[in-house]
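Here are my notes on the model you sent. They are set out as numbered points.

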Amino acid sequence: LGLGVSVPGITDPGTGVGSYAANLPGWRDVPVAAYLSDRFDLPIAVDNDVRCQLRAHIWFASSPQEVDSVLYVLVNDGVACAFAQHGIVSPGAYFAGGEIGHIRAGDRHRPCACGREDCLETYCSVPAILAEVRPLCPAPAPATATDLAAVAAKSPAVGNVLDRAAGYLAHGIAGVIAALDPAVLVIGAADHAFAECLCPLLRTRLDQELMGLAVSGLRLIAAGDAERESRRGIAATVIQNSFNNTAEP
């Protein structure tokens with residue numbers, strides 16, 4: 001039916017151009033779809049990886065009640081989110097919807113891959129959490145989200161680091177939740193156990209951030225294997241495009 005590619009950062013799904021990704025040095029206005037169209041005789045679909053993960057959740061994991069409004073937040077090498085209403089994932093007017101990883105989150109002068117300091121992902125991405133946790137752990141130090149989940153279950157000190165990260169994340173997404181009022185908040189990660197570990201901490205922190213708002217009905221769901229979900233989501237996009245492009249008989 002076609003070839004699909006999910007890429008990080010600001011991505012135009014209409015033209016298939018990857019405009020910018022902070023964690024991919026030199027990634028500026030890359031014509032991904034055009035590059036692949038020259039090499040493969042197939043329809044090409046290109047979209048942002050986090051939007052793909054949300055689309056995978058809607059297609060393959062959500063209940064009918066969830067499709068109405070879903071906010072998906074990925075905590076991985078970076079931090080980003082995506083929103084869908086009535087099953088439709090919105091890229092934003094300039095295809096940067098959900099790029100919350102680079103809003104200002106603190107004043108500790110933490111350098112970010114984007115070239116600035118104190119972006120949200122310097123406080124609550126997996127690499128940021130690992131950097132805080134390693135001095136607290138004996139060798140071998142945790143190196144992945146899976147390791148973090150395992151160590152947090154045994155170490156209160158590591159649990160405290162995760163709780164602080166959840167606090168930064170809650171502060172970063174509280175305004176998004178207040179503005180969009182989603183029915184479901186899905187926490188995506190490279191590992192399901194890490195997402196499950198983060199969810200109750202985030203629930204508590206969100207209740208503190210969203211004072212006076214009736215958010216008790218907001219459901220938190222832990223997702224996992226973000227790489228697989230990116231592939232499934234772009235596959236769903238290829239399938240959807242194939243139907244949209246089918247001519248009437």
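1. In what sense do β7 and strand β8 pair, and over how many bridges? β7 and β8 (residues 88–90) run antiparallel, with 3 bridges between them. One residue pairing can be named here: Phe 83 has Ser 90 in β8 as its bridge partner. The hairpin of these strands has 2 residues between them, and His 86 takes a positive phi near 55 degrees in that hairpin. Please bear in mind throughout that this is a predicted model.

2. β7 is also paired with β6. The two strands are antiparallel and are joined by 7 bridges, and the hairpin connecting β6 to β7 passes through 3 residues. Val 70 has Ala 84 in β7 as its bridge partner. As for exposure, 6 of the 7 residues of β7 are buried, so this strand is largely enclosed by the rest of the structure.

3. The largest nonpolar core has 41 residues, and those touching the most other members are Val 73, Leu 169, Ile 173, Leu 185 and Phe 194. The elements that each supply at least two residues of this core are β6 (69–75), β7 (79–85), α3, α4 (126–133), α5 (145–152), α6, β9 (184–188) and α7 (192–209). Helix α6 gives the most to this core, with 10 residues. In soluble globular proteins, nonpolar side chains tend to be buried together.

4. Val 73 deserves a separate entry. Neighbours within four places in sequence aside, Val 73 is in contact with Ala 80, Cys 81, Leu 169, Ile 173, Leu 185, Val 186, Ile 187 and Gly 188. Leu 169, Ile 173 and Leu 185 are also among the core residues that touch the most other members.

5. There is a second, separate core of 15 residues, and its members include Val 70, Tyr 72, Ala 84 and Ala 226. Val 70 and Ala 84 are the bridge partners mentioned under point 2.

6. Gln 53 lies in helix α2 (residues 49–60). Is Gln 53 buried or exposed? Its relative accessible area is 2%, and the cut-off for buried is under 20%, so Gln 53 counts as buried. The side chain of Gln 53 makes a polar contact of 2.7 Å with the side chain of Tyr 72. Beyond the neighbours within four places in sequence, Gln 53 is in contact with Tyr 72, Leu 74, Ala 226, Glu 229 and Ser 230. Two of these, Tyr 72 and Ala 226, belong to the second core.

7. The aromatic pairs come to 2. In one of them, Trp 59 and Phe 60 are tilted, at 6.1 Å centre to centre with 55 degrees between the planes. Trp 59 is partly exposed, at 37% relative accessibility, and Phe 60 is partly exposed at 42%.

8. The other pair is Tyr 123 and Tyr 168: the ring centres are 4.5 Å apart and the planes are at 35 degrees, so this pair is tilted. The pair links distant parts of the chain, with Tyr 123 in helix α3 (residues 121–124) and Tyr 168 in helix α6 (residues 156–180), 45 residues apart. Tyr 123 is buried at 1% relative accessibility, whereas Tyr 168 is partly exposed at 22%.

9. A last item concerns a charge over a ring. Arg 39 lies over the face of Tyr 35, at 3.8 Å from the ring centre.

Note on methods:
Residues are numbered from 1 along each chain as its sequence is written. This is a predicted model: local features need pLDDT of at least 70, side-chain atom pairs count only at pLDDT 80 or more; totals for chains, interfaces and linings use all residues. Side-chain values use heavy atoms; hydrogens and water are left out. Helices (H or I, at least four residues) and strands (E, at least two) are DSSP runs, numbered from the N terminus. Buried means under 20% relative accessible area, exposed over 50%, partly exposed in between (1.4 Å probe, protein chains only). A polar contact is a pair of N or O atoms within 3.5 Å; within protein, one must be able to donate a hydrogen and the other to accept it, and residues adjacent in sequence count only if both atoms are side-chain atoms. Contact means heavy atoms within 4.5 Å. Rings of Phe, Tyr and Trp (its six-membered ring) pair if their centres lie within 6.5 Å; planes under 30 degrees apart count as stacked, over 60 as edge-to-face and the rest as tilted. A charge sits over a ring if NZ of Lys or CZ of Arg is within 6 Å of the ring centre and within 35 degrees of the ring normal. A nonpolar core is a set of buried Ala, Val, Leu, Ile, Met, Phe, Trp, Tyr and Cys residues joined through side-chain atoms within 4.5 Å. Two strands pair if DSSP finds at least two bridges between them.
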